[in-house]
Amino acid sequence: MENSENTVIRKMICIMCPASCHLEITEKGKEGEYLVTGNRCPGGKNYALNEMRDPKRIVTAVVASDSTKIPCIPVKTDLPLQMDLIRGLLQKLFSMKIHVPVQCGDVLIKNYKDTGVSVVITRSVEE
Ligand code: SF4
């Protein structure tokens with residue numbers, strides 16, 4: 001419920017399961033302290049707090065290759081990456097060229113900016 005002391009500052013849909021709960025986030029008073037409502041389980045609260053404090057996403061992209069058959073090879077991060085680092089990662093990926101052959105699961109970029117997140121190739125290409 002919204003009122004002057006308990007204003008909803010963000011609404012979001014939990015994507016952790018098909019129930020798709022509609023979450024509302026209010027500030028608790030202290031900066032960075034939030035109250036989450038609308039969740040049917042603790043997973044929704046964790047999802048909302050992560051979205052408010054440190055949102056991350058799995059990044060998918062294609063990278064140019066020197067293959068004679070597959071000009072762009074799909075890649076993805078092995079873990080979610082902080083959203084403020086995604087643009088820089090995409091710029092790096094779009095400037096690269098993969099030399100074939102490569103196997104699905106090969107690491108293209110290891111431990112990007114010391115985040116513990118690596119970029120892996122998701123398609124094998126022989127030539
Ligand atoms: S809050 Fe719980 S039940 Fe609702 S969508 Fe998220 S994980 Fe599913």
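Reader: In what order do the three strands of the open sheet run, and what is their pairing?

Author: An open sheet is read by strand order. In this predicted model, the order is 1-2-3 and the pairing is antiparallel. Strand 1 (8–13) and strand 3 (34–37) are the edge strands, each pairing on one side only. From one strand to the next, the twist averages 25°.

Reader: How many bridges join strand 2 to strand 3?

Author: Count the bridges along the pair. Strand 2 (residues 22–27) and strand 3 run antiparallel and are joined by four bridges. Take Thr26: opposite it in strand 3 stands Leu35.

Reader: Which helix packs on this sheet?

Author: Helix 1 (residues 42–53) does, touching strand 1, strand 2 and strand 3. The direction of helix 1 makes about 135° with that of strand 3.

Reader: Which strands stand at the edges of the five-stranded sheet, and why is one side of each left without a neighbour?

Author: Start with the order again. Five strands form an open sheet, 8-5-6-10-9, with mixed pairing. Strand 8 (97–98) and strand 9 (107–109) stand at the edges; each has a single partner strand, so one side has no neighbour in the sheet. Inside the order, strand 6 (residues 72–77) pairs with strand 10 (residues 119–121) in the antiparallel sense, over three bridges. One bridge there links Thr77 to Val119.

Reader: What surrounds the ligand?

Author: List the shell, then sort it by character. Around the ligand are Cys14, Met16, Cys17, Ala19, Ser20, Cys21, Asn39, Arg40, Cys41, Gly43 and Gly44. The shell divides into six nonpolar residues, four polar and one charged.

Reader: How far apart do the centres of domain 1 and domain 2 lie?

Author: Take the bounds, then the centres. The domain assignment gives domain 1 (8–53) and domain 2 (60–121). Their C-alpha centres lie 31 Å apart.

How values were computed. Residues are numbered from 1 along each chain as its sequence is written. This is a predicted model: local features need pLDDT of at least 70, side-chain atom pairs count only at pLDDT 80 or more; totals for chains, interfaces and linings use all residues. A residue is near a molecule or strand if its C-beta atom, placed from the backbone, lies within 6 Å of it. Ala, Val, Leu, Ile, Met, Phe, Trp, Tyr, Cys and Pro count as nonpolar, Asp, Glu, Lys and Arg as charged, and the others, Gly among them, as polar. Domain bounds come from an automatic or database domain assignment. Two strands pair if DSSP finds at least two bridges between them. Helices (H or I, at least four residues) and strands (E, at least two) are DSSP runs, numbered from the N terminus. Axes are lines fitted to C-alpha atoms, for helices over the stretch in contact, and angles run from 0 to 180 degrees between N-to-C directions. Two residues are in contact if their C-beta atoms, placed from the backbone, lie within 7 Å.
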